[in-house]
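Colleague: I should like to go through the terms used for this model and hear what supports each of them.

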Amino acid sequence: MSNFNIPFINLKRPDIRRANIEFYINQIHPDYDTCDRVESQGKEVFRKVHAYQYRISSEKERIAEAKREILVAHKMSRQHRSVAKLLFAFFNIGSSYEIIELVFEKYNGNLENLLLGPYLPQDLMPHAGDRSELIDHILWKEMMNVVEAVMILHTFRSFSNPLDLKPANILVGEDKRGRLTLHLADFGHVVETEPRRATVDYAPPGDEDSEGLGSENETGMTYDVWSIACILLRILIFIQGRCQKSELELFDSNRQAEFVDAAYWCRHNGTFALRTTVGDALALLENQKEEGTKLIASTLRQMFNIQPEERGTMDSCHSALRKAKQNNRPKDQDAMECGCEDWSVSYRNRLANKEFPAHLAVYRDRRQQTTYYNPSEETQEESISIDLDVEMEIHLNRGIYSDISFSPAAYFPPENDDQTNSKMIWLKSILSDYTLLFTDIKEYRQFIALITRQEIIPKDETSAQTDFTFRKCSITANKHTFMSGRLHIWKRLTERDYDTKFKRSASATPVSYVPDSENRQTYYKLVLWTRRESNKQKVCVIVDIGETTWKLARGEGASELMILPKRELETMFKSQLRASIYEEQTDPGRTPEKYPFIPIDPVQMEKGLKKGVVKDLHIHFTTSKGKSNISTQISHLQKVANSNTDKDP
């Protein structure tokens, strides 16, 4: 908060009226660059301007409240992404008035307009049809983020006043991928000193004429629980009505029939009770066949308890609402709670060349309490489920883990130097009609590790870079010659490390691996993404460097590195170095180009490694430094392999 003014231009006045408060929509003058906190130059911003006579004692408290609002808005907008973003605030003191301004990021509208407006946001259109669960809808999920923001506010301090929670104070925006987002706004009421009721339609039972919050046991926090329940019920009715406003308008009309307001409660025989329309809506949800929806309805009924102390805290209500979603998970699988639902991912269907935002969820079979696991033994096939969360037809796609393969387009060198490969991933035997598109390369790598249990090792301890580039590669005395490409070192994660890294939802029993001579899982692989020099076809070369059967050697040039079999082993058993070469395949409908597909299952990858595929590997790096870096890494891994042949690294 500062005491200098900002040059605003292109003033507009939204249709909002409050005593002593003005609202404006403006732009910041493009020449203004003295404040590095201004993040919306060239964009419209939303201004809330308080004006009070500071010489009047009653107005001094209003000034203090406005400054408290700044502090709460500032803290909350930095604590949670589902809070309207406060860009900056400032004040000016004139001869009679003190002016206090809050400048927010401008959003597209509010939730009330979305629910009852004439047009659906484009992002909601793919979700407007029936779904297997109401709580799978993007609008419900975004509202859960708003509930979480309210919960966080409640942990800061105990306010004597509630928030003024209503759909008009929940703003509608979009993220960088164009996906719908909701944002909690307006902290003016919660910072007021004297307790008073907020908007009547979303207020809990109480005497309107009484002072304070209308009930002796009502607090600002219990009041908020009731208001949130009102909003959540309206959203569920809207989703249940296929995102058409007619169902919600009927609910609102029936709720207000014979009453002067649209509250959710009434007086019945001298006591407070839920209005009949509200009770009927809850009963309808409780009779749904989906277990998650039933749990939500039960939680809402508790939040609508007439007795404030029986509603629960926002924390307990949030937990119950989240539990309903967890209940909707596959019953026999664990969720990987690594935050992948918030990754910048979209999808494209082979039938429609249009991108839609994805909301990923990944589930793996719950492991049995097994003491030993031998990859060569015939055991029950593990499956993996991936939820794109975009259309109900693909609500949950499940496949046998050992059957699934993938192709990461971003790692293959483009056919022409002026091309760049998008961060796309294709899967086979699961989501076979879809292309996944990533924005962030780190999330791209994370997803590959999530599905393969293989982590790409960084170049060194201080770098996040994982790609070594080479200009040429040849195998077995030039039998195979490849063009330029990328080289990765993959490390197979132990079960314990994998569960920790990706936050497996259930406490799984650690598994001890008992390798056998033919089907042993080693920890390190050299992975090359390249093209054949002869016909430009893409290939993926995987070499097992977790064994002790190879050695490093310097090549003729300053940038050449060789991986050779140990001579003594070669003499006794021929070459024991194991490798595999994956050739490109056609995939009509998803991509006109051909790409190799690699197993996601480490066991299947091990089975694909054969002796004799690679006798000697010659890699020519683009620089001598690249050779030095990879040589250091591989030498370290060789020592690990020699000292821990059958142990976790």
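The exchange below takes up secondary structure, burial, sheets and contacts in turn.

Colleague: What should I know about the model before we begin?

Modeller: This is a predicted model, in which local features need pLDDT of at least 70, side-chain atom pairs count only at pLDDT 80 or more, and totals for chains, interfaces and linings use all residues. Residues are numbered from 1 along each chain as its sequence is written, and side-chain values use heavy atoms, with hydrogens and water left out.

Colleague: How many helices and strands does the chain have, and what makes a run count as one?

Modeller: The chain has 13 helices and 34 strands. Both are DSSP runs numbered from the N terminus: a helix is H or I over at least four residues, and a strand is E over at least two. Helix 3, residues 138–156, has 19 residues.

Colleague: How do you know that the span of helix 3 is close to the expected one?

Modeller: The expected span is 1.5 Å times one less than the number of residues. For helix 3 this is 27 Å, and its first and last C-alpha atoms are 28 Å apart.

Colleague: Why is Ser385 called buried?

Modeller: Buried means under 20% relative accessible area, exposed means over 50%, and partly exposed lies in between, with a 1.4 Å probe and protein chains only. Ser385 has a relative accessible area of 0%, so it is buried. Of the 649 residues of the chain, 53% count as buried.

Colleague: Is Pro588 buried or exposed, and why?

Modeller: Pro588 has a relative accessibility of 60%, and therefore counts as exposed. It is placed in the loop between strand 30 (578–585) and strand 31 (595–596). Pro588 and Arg350 are 238 residues apart in sequence, while their C-alpha atoms are 8.8 Å apart in space.

Colleague: Why is helix 3 described as largely enclosed?

Modeller: Of its 19 residues, 16 are buried, so helix 3 is largely enclosed by the rest of the structure. Strand 14 is described likewise because five of its five residues are buried.

Colleague: What makes Ser385 and Gln333 partners in a polar contact?

Modeller: A polar contact is a pair of N or O atoms within 3.5 Å; within protein, one must be able to donate a hydrogen and the other to accept it, and residues adjacent in sequence count only if both atoms are side-chain atoms. The side chains of Ser385 and Gln333 are joined at 2.7 Å. Ser385 lies in strand 16, residues 383–387.

Colleague: To which sheet does strand 16 belong, and how do you know that its strands pair?

Modeller: Two strands pair if DSSP finds at least two bridges between them. Strand 16 belongs to an open sheet of four strands in the order 11-14-16-17, with antiparallel pairing. Strand 11 (333–335) and strand 17 (397–400) are its edge strands, each pairing on one side only. Three bridges join strand 11 to strand 14, residues 361–365, and four join strand 14 to strand 16. Within these pairs, Gln333 stands opposite Asp365, and Val362 has Ile386 as its bridge partner.

Colleague: What supports the pairing of strand 20 with strand 12 and with strand 19?

Modeller: Strand 12 (residues 345–349) pairs with strand 20 in the antiparallel sense over five bridges, and Val345 has Phe438 as its partner there. Strand 19 (residues 424–428) and strand 20 are also antiparallel, over three bridges, and Met424 has Leu437 as its partner. Five residues lie between strand 19 and strand 20 in their hairpin, where Ser429 takes a positive phi near 75 degrees.

Colleague: Why is strand 20 called largely enclosed?

Modeller: Five of the five residues of strand 20 (residues 434–438) are buried, so it is largely enclosed by the rest of the structure. Tyr434, Leu436 and Phe438 point one way from the strand, and Thr435 and Leu437 the other way.

Colleague: Why are strand 1 and strand 4 placed at the edges of their sheet?

Modeller: Their sheet is open and antiparallel, with five strands in the order 1-2-3-5-4. Strand 1 (8–12) and strand 4 (86–93) each have a single partner strand, so one side of each is left without a neighbour in the sheet. Strand 4 pairs with strand 5 (residues 97–105) over seven bridges, and Ala89 stands opposite Leu102 in strand 5.
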